[in-house]
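Work through the two exercises below with the sequence and the coordinates at hand, and settle each step before reading its solution.

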Amino acid sequence: MKKTLILLLTLFAWNQATLFAQKNTNKYQYSIDLTATQNDKVTVELIAPLLKGTEAVFHLPKIVPGTYSIHNYGSFASAFQAYDKNNNPIQVEQLDKNSWKIQEIAKLYKITYQIDDSWDTPEIQEDIFEPAGTNIQKDTLFVINTFGFFGYFKGNEKTPCQVRITKPQGIYGSTALSASKKSTPQVDIFETKDYHTLADSPMMYCQADTAWLKIGNTDVLISVFSPNKKADAKLLASDIKPVLEAQKTYLGGKLPVNKYAFLIYLSDWKNISRYGALEHSQSSVYFLPEAMSAEDLSTTMKDVAAHEFFHIVTPLNIHSEEIGNFDYINPKMSKHLWLYEGLTEYAAHHAQLKGKIIDLQTYLDRQAEKVNLALTQFDDQLSFTELSTKTLEEHKEQYQNVYYKGALIGLCLDIKLRQLSGGKYGTQELMRDLAKSYGKYKSFKDEELFDKITALTYPEIREFFRKHVEGSEALPLQELMNVVGIDFNAKGEKKELGLSWNVGMGLVPNTRNLQVVNTDNISELGKRLDLKPGDQILKVNGEDFNLDTYQEVFQKYQSTAKVGVILTLLVKRDDKEIELKSDLQEEIKYYPSFQIQENITAEQAKIRKAWGGE
């Protein structure tokens, strides 16, 4: 990708900006012109707010809320310049990837810089999860995670912001923000109370494929970009509507936001190694494979949307000072990931149970999978508060456990509260009480939350947190599930179709071909195939198998698999090509399991009904 600075583009954008902003005021005045993109870049211009002092530092974020990893959005900025009112340059010094020091602040009128997109710039070595990234496709699509385009002056994060976006004809901007009355058919104008709100408000510009839902008091926008028109907004809206209705009921019949936006990008990339979503207070951004079947897409959207939508509660209305005053350069991590992600994940599935979208056994099977992953893939002895505070460095490999053990903490806490209250009080009521105590504009102190929850509930809850969240004691699943008449078996037997080989794979040196590197945990299917270390796998069921094709090949293999089907591998072993075959069989595997008790006491029935619904 060319990195040439295009003077004409800069001058054109300068003229556009001057049409709208003629003087410095006490707000950020941003302008970008999407009609003038070149080489997947846009020029960003900022009429600076009034600043104090002799110099100032301008930042693009190093990290943003909800990502829990370093992204260095400043790496995608180039040609950074500062000017006075007469368009004379002012001295700028780049301090690091994300920071620029500007001298002579009294003279500063505007700054300009170019932004490259994170989805399509492989020469910039930053690993940004696509829902947290940016995309610029001229005249077609613009995924604008605002923190990837717009920065702030250090110490001025609470200054109001104005953003003006000039858009190509036929392109519609989807966002949870409401456009100003000053907007025109060609220019969208948005106002936010501060930089935090702007950074929390993503946008997607493309040809309109949108649908609207009315969920209680909330207008919900579903905006979809599907390159090959394999999905549409109305269909996805109908899929997720029952989930959102169940969540509204779960939250007491009224939602804490007036508008919410689902921004959904369905990618036709051939090899997608990861996909998912990133939450915001009033919106969420999705990056999903377009090649998904309609059934898989529907299921994925229901589950992922359920989780992301629940973030309207936390961190929007319940958050610590670390999030309320988020430091985008040197963040201090809160110790309450069990709350932000764990309890959110728990509520996403629990609401579906109570809303009768899924039945009790389906719900329990999902929890069994979480137990299995928490115990087999992560360190179950690690304190969850320590995981949270050190998730950026020492424990970053443990982060995903917030969706497994974190959700199970929510399950145990809910049932413990139901037990102590005779079924009358659970995490639903707790979250409502916490939202009343704090709210959108009031943060709690990180060290005080456990004591606050205890004050709202019961003394025994403090001991629960001390043992199982701050400490490393295993969650009391067997004891607590029995409260609602459910047996928990940590090593239950389960029959399922054996599809995996369970062998370690790696690249053949200097190639994109894949080979077996170890068979330490080989499955029964792997043994029947007689896979050995050093085997280079050339084909799977006749399909070429390598780093570029393995995902597509595995997807096809799994979609056609059933008992008795023959799996055929062509492998290269000792410089000879040989064919390995085996039929697919059901295998006994050992998983944690939950089983509904048939004969339960009146007290168990009472608490089960209060916890899980009818």
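**Exercise 1.** Identify the residues that line the largest cavity, and sort them by class and by helix.

Solution. The lining consists of Tyr250, Leu251, Phe310, Val313, Thr314, Leu343, Thr344, Ala347, Thr427, Gln428, Met431 and Arg432, where a cavity is a set of points on a 1 Å grid over the protein atoms alone at which a 1.4 Å probe fits but cannot get out, and lining residues have an atom within 4 Å of a point. This is a predicted model, in which local features need pLDDT of at least 70 and side-chain atom pairs pLDDT 80 or more, while totals for chains, interfaces and linings use all residues. Residues are numbered from 1 along each chain as its sequence is written, and side-chain values use heavy atoms, with hydrogens and water left out.

By class, the lining divides into 7 nonpolar, 4 polar and 1 charged residues. By element, helix 6 (337-354) and helix 10 (427-437) each supply at least two lining residues, and the largest share, 4 residues, comes from helix 10; helices are DSSP runs of H or I with at least four residues, and strands are runs of E with at least two.

**Exercise 2.** Determine how strand 8 is enclosed, and which strand pairs with it over 7 bridges.

Solution. Because 7 of the 7 residues of strand 8 (residues 110-116) are buried, the strand is largely enclosed by the rest of the structure; buried means under 20% relative accessible area with a 1.4 Å probe, protein chains only. Strand 2 (residues 41-47) pairs with strand 8 in the antiparallel sense over 7 bridges, pairing requiring at least two DSSP bridges, and Ile47 stands opposite Lys110.

Definitions and conventions
Buried < 20%, exposed > 50% of the residue type's maximum accessible area, 1.4 Å probe, protein only. 1 Å grid on protein atoms, 1.4 Å probe; cavity = no way out; pocket = protein on both sides within 12 Å on 5 of 7 lines; lining within 4 Å. Nonpolar A, V, L, I, M, F, W, Y, C, P; charged D, E, K, R; others polar.
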